[in-house]
Amino acid sequence: MEILESAPPLDRQGPIPIFVQIKLILERAIALGELTAHHRIPSERELSSTLGASRMTIRQALVSMMADGSLYTRSGKGTYVAERKIAQPLQRLTSFTEDMLARGLRPASRVLTEELLSAPLEVSQALAVAPGVELVRIRRLRLADEQPLAVESSHLPHSLCPGLLEVDLSVHSLYEVLRTRYGIRLASAKQTIEASEPDPEERELLRIPEHVPVLRIHRLTCDDDGQRVEFVRAVYRGDRYQLHVDLR
Ligand code: 16G
C-alpha cells in the first residue's frame, strides 16, 4: 500500500506518541482515498512490519481510531474503514429530510409503530400538557441512501394535528405535513445529546457494528408562537454522526 510504504519514518525522539503518528498515517491514507469505506485495512502484523512499530502500538492506534468511529471491526474478519461521518450543524432547526437532501443523500423512513396514546408523565411534562392527554406517537427508522441512521420516536399532542395517523409518514416529511396540512411552523427547539450504548433492538435496526456507541437525542420543538409541538426521543448511529457547533 503506497501511502503506508512511503510514510516518513516514525519519529521516536519527538513529542508525538508513536501510536498518534500511526493514526495520522492511516487517517491520511483514508483522506486521500487509498483506504476507502468498508475496505479491510492491512492486518496488525502487516502494519507492524510496514511501519516498523510493535504490534501493541499498532493495536493502540487502531483501538483509538475505532473509538473515534473511523474504523470498525467484524469479529474474526479484521478491521475496516468506516463511512465518512455526516456533519450536522446544531445552529439550525431542520428536519431529517432537509438534512439528508442538503448532503446529497436520499432520505427514507420505515414506520415502525404509529398510535394514539395517553401522555405518560415525562412526555406530558416536556410538552406541558396534562398527563393522560391524547398524543400521537410515531416511531420511525430513518435511512439515508438506504442505510439506517436513526430511530426517532416523535410525540405530538393529537389536538394540534388531528388525523396525522392517516398520513403515510414513510413517504412524507413530518415537518412538511405539519406545515402544509396543519399550518404549524416550527421555529425553535431545545435539544440534549448523550453518548450511550444501543440496546439489542436498536443495534439490530441500525445495523450497528460491534463497539459502536449511539447518540441519544431528546428534542422539544416549538412553533413560532412558542407552542410545544413535538417531543422526540431519537437514537443516532455514533459512527455516522458528528455534531458541529459555532461558538462565540
Ligand atoms: C429531525 C428531528 C425529529 C423530527 C424530524 C422530522 C432530531 C433529533 N430529530 O430528525 O424530531 O421528527 O427531523 O423529519 O432532531 P421529517 O420532516 O423528515 O419527517
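## Exercises: the spaces inside this model

A search through the whole structure, which is a predicted model, turns up one cavity of 30 Å³ or more. Let's explore that cavity, then the pockets and the ligand.

**Exercise 1. Find out how much space the largest cavity holds and which residues line it.**

Step 1. Start with the volume: the largest cavity contains about 40 Å³ of space.

Step 2. Now look at the wall. The residues lining the largest cavity are M66, L71, Y72, T73, E210, H211 and V212.

Step 3. Ask which element gives the largest share of this lining. Strand β1 (residues 71-74) does, with three residues.

Step 4. Sort the lining of the largest cavity by class: four residues are nonpolar, two are polar and one is charged.

**Exercise 2. Describe the second largest pocket: its volume, its lining and the helix that gives the most to that lining.**

Step 1. The second largest pocket has about 250 Å³ of space.

Step 2. Its lining includes E27, I30 and A31, along with D68, G69 and S70. Also in the lining are V81, A82, E83, R84 and K85, and Q242 completes the list.

Step 3. Helix α2 (residues 18-31) gives the most to this lining, with three residues.

Step 4. By class, the lining of the second largest pocket divides into five charged, four nonpolar and three polar residues.

**Exercise 3. Work out what the largest pocket looks like in terms of volume and lining, and where the ligand is placed.**

Step 1. About 510 Å³ of space lies in the largest pocket.

Step 2. Count the residues around the largest pocket: 31 line it, and L93, T94, Y175, Q191 and R219 lie nearest its centre.

Step 3. Strand β7 (residues 186-196) gives the most to this lining, with five residues.

Step 4. The classes in the lining of the largest pocket are 14 nonpolar, nine polar and eight charged residues.

Step 5. Finally, place the ligand: the space it takes is the largest pocket.

**Exercise 4. Identify the residues that come nearest to the ligand and the elements that supply its shell.**

Step 1. There are 17 residues around the ligand, and T97, E152, S173, R219 and E230 come nearest.

Step 2. Trace the shell back to its elements. At least two residues each come from the helices α5 (96-102) and α7 (174-182) and from the strands β5 (134-144), β6 (147-157), β8 (214-223) and β9 (228-237).

Step 3. The largest share of the shell is that of β9, with four residues.

Step 4. Class by class, the shell around the ligand has seven nonpolar, five polar and five charged residues.

**Exercise 5. Which residues have polar atoms paired with an oxygen atom of the ligand, and how much of the ligand does the protein cover?**

Step 1. Begin with R219: an N or O atom in its side chain is 2.5 Å from an oxygen atom of the ligand.

Step 2. Turn to Y175, where a polar backbone atom is 3.0 Å from an oxygen atom of the ligand.

Step 3. Next comes Y236, with an N or O atom of its side chain 3.2 Å from an oxygen atom of the ligand.

Step 4. Of the 460 Å² of accessible area that the ligand has on its own, the protein covers 98%.

Conventions
Residues numbered from 1 in each chain as written. Predicted model: local features only at pLDDT ≥ 70, side-chain atom pairs only at ≥ 80, totals over all residues. Heavy atoms only, no water. Near = heavy atom within 4 Å. Polar contact = N/O pair within 3.5 Å; in protein donor to acceptor, adjacent residues only side chain to side chain. Areas by Shrake-Rupley, 256 points an atom, 1.4 Å probe, with all protein chains shown as cover. 1 Å grid on protein atoms, 1.4 Å probe; cavity = no way out; pocket = protein on both sides within 12 Å on 5 of 7 lines; lining within 4 Å. Sits in = over half its atoms within 2 Å of the grid points. Nonpolar A, V, L, I, M, F, W, Y, C, P; charged D, E, K, R; others polar. Points joined across faces, edges and corners; volume = space filled by probe spheres on them.
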